[in-house]
Amino acid sequence: MTKQQPDKITTKDLRRAWHRWWLVDEVPRTYDRQVAPAFMYGLTPILKKLYKDPDDLREAYDRHMVFFNTHAIWGGGTITGIVASLEEKRAEETVNEEEITVTDDLINNTKVGLMGALAGIGDSIDNATLQYIFIAIALPWAQQGNIMGALFPWFAFTLVTYLYGWQFVKMGFKMGRNAATEIVKGDKVQKIIEALSILGLFMMGAIASSYVKVSSSLAFKLSGKEFKIQEILDSLVPGLIPLAVVMGIYVYFSKKGLNATRALLWVTLILGVLATIGIL
């Protein structure tokens with residue numbers, strides 16, 4: 001029995017796959033498969049168009065239920081496009097009864113080889129730089145009590161990452177499996193990543209110096225003259241106490257792991273004690 005030819009993958013199909021992955025990326029996470037169920041859910045409409053035979057479709061589902069974990073935008077977007085391209089070629093070979101060059105191992109190894117590298121890029125640019133730029137923009141609004149101070153970073157980050165994630169999908173599908181390799185190894189992109197990482201550090205420093213407000217109320221008299229510790233510190237090293245607080249939290253995260261809730265509790269306790277005894 002001749003198998004039915006696969007349908008052509010369209011831009012609409014790619015957009016639907018990207019949207020489905022973007023919506024459920026972190027929802028069906030499991031210990032042994034991580035976000036593989038979400039990735040397969042995103043690809044499902046495409047796989048149904050490519051594999052009309054139930055057995056072939058079942059094999060495709062199984063192929064994408066192995067361990068998979070990457071950055072939602074950079075990894076998820078690019079790999080979605082690349083895998084859609086690979087599956088399209090695989091479906092053509094299957095229907096035409098040709099030698100299967102796009103093997104299960106090739107598809108899986110492509111995903112595995114790219115997911116870590118692209119996740120590193122995404123974490124550096126999106127999580128360590130871009131979101132803090134939006135937060136820095138919105139902080140003055142938040143200080144004024146404007147609700148946009150809370151909403152703008154979320155809306156801006158969501159919109160911007162969604163839009164360029166969709167571009168990654170189209171780029172990955174158009175260029176094939178070599179696209180992400182070029183992204184990861186390209187010298188220009190690596191320089192951009194380094195520059196954005198440095199920018200992220202500057203942004204964190206600007207936020208800490210401008211918006212972390214901790215001062216000392218400690219004062220003493222000497223020879224009848226009152227000396228205020230905060231005024232002395234401001235004349236020598238302005239912002240020293242906020243810097244000490246930020247660096248203390250950084251050291252805590254380095255030693256104890258990135259547990260923001262526990263760090264917040266410790267900061268509240270320590271600053272509360274220091275304020276009670278009149279140091280802050």
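Q: In this predicted model, where helices and strands are DSSP runs of at least four and at least two residues respectively, how many helices and how many strands are there in the chain?
A: Read along the sequence, the predicted chain follows the pattern α-α-α-α-α-α-α-α-β-β-α-α-α. Counted by element, the chain has eleven helices and two strands.

Q: What share of the contacts in the chain between residues at least 6 apart in sequence joins residues at least 24 apart?
A: A contact here requires heavy atoms within 4.5 Å. Among the contacts between residues at least 6 apart in sequence, the share that joins residues at least 24 apart is 71%.

Q: Are helix 1 and helix 4 parallel or oblique to each other?
A: The axes of helix 1 (residues 11–24) and helix 4 (residues 74–95) come within 10 Å and cross at roughly 140°. An angle must be over 145 degrees to count as roughly antiparallel, and 65 to 115 degrees counts as roughly perpendicular. The crossing angle of roughly 140° fits neither range, and helix 1 and helix 4 are therefore oblique.

Q: Is the crossing of helix 1 and helix 4 left-handed or right-handed?
A: Two packed helices are described by the angle between their axes and the distance between the axes. For helix 1 and helix 4, the handedness of the crossing is right-handed.

Q: How many nonpolar, polar and charged residues make the contact of helix 1 with helix 4?
A: Helix 1 contributes Leu-14, Ala-17, Trp-18 and Trp-21, while helix 4 contributes Gly-76, Gly-77, Thr-80 and Ala-84. Because Gly counts as polar, the residues of this contact divide into five nonpolar, three polar and no charged.

Conventions:
Residues are numbered from 1 along each chain as its sequence is written. This is a predicted model: local features need pLDDT of at least 70, side-chain atom pairs count only at pLDDT 80 or more; totals for chains, interfaces and linings use all residues. Side-chain values use heavy atoms; hydrogens and water are left out. Axes are lines fitted to C-alpha atoms, for helices over the stretch in contact, and angles run from 0 to 180 degrees between N-to-C directions. Angles under 35 degrees count as roughly parallel, over 145 as roughly antiparallel, 65 to 115 as roughly perpendicular and the rest as oblique. A crossing is left-handed if the near helix is turned anticlockwise from the far one by less than a right angle, and right-handed if clockwise.
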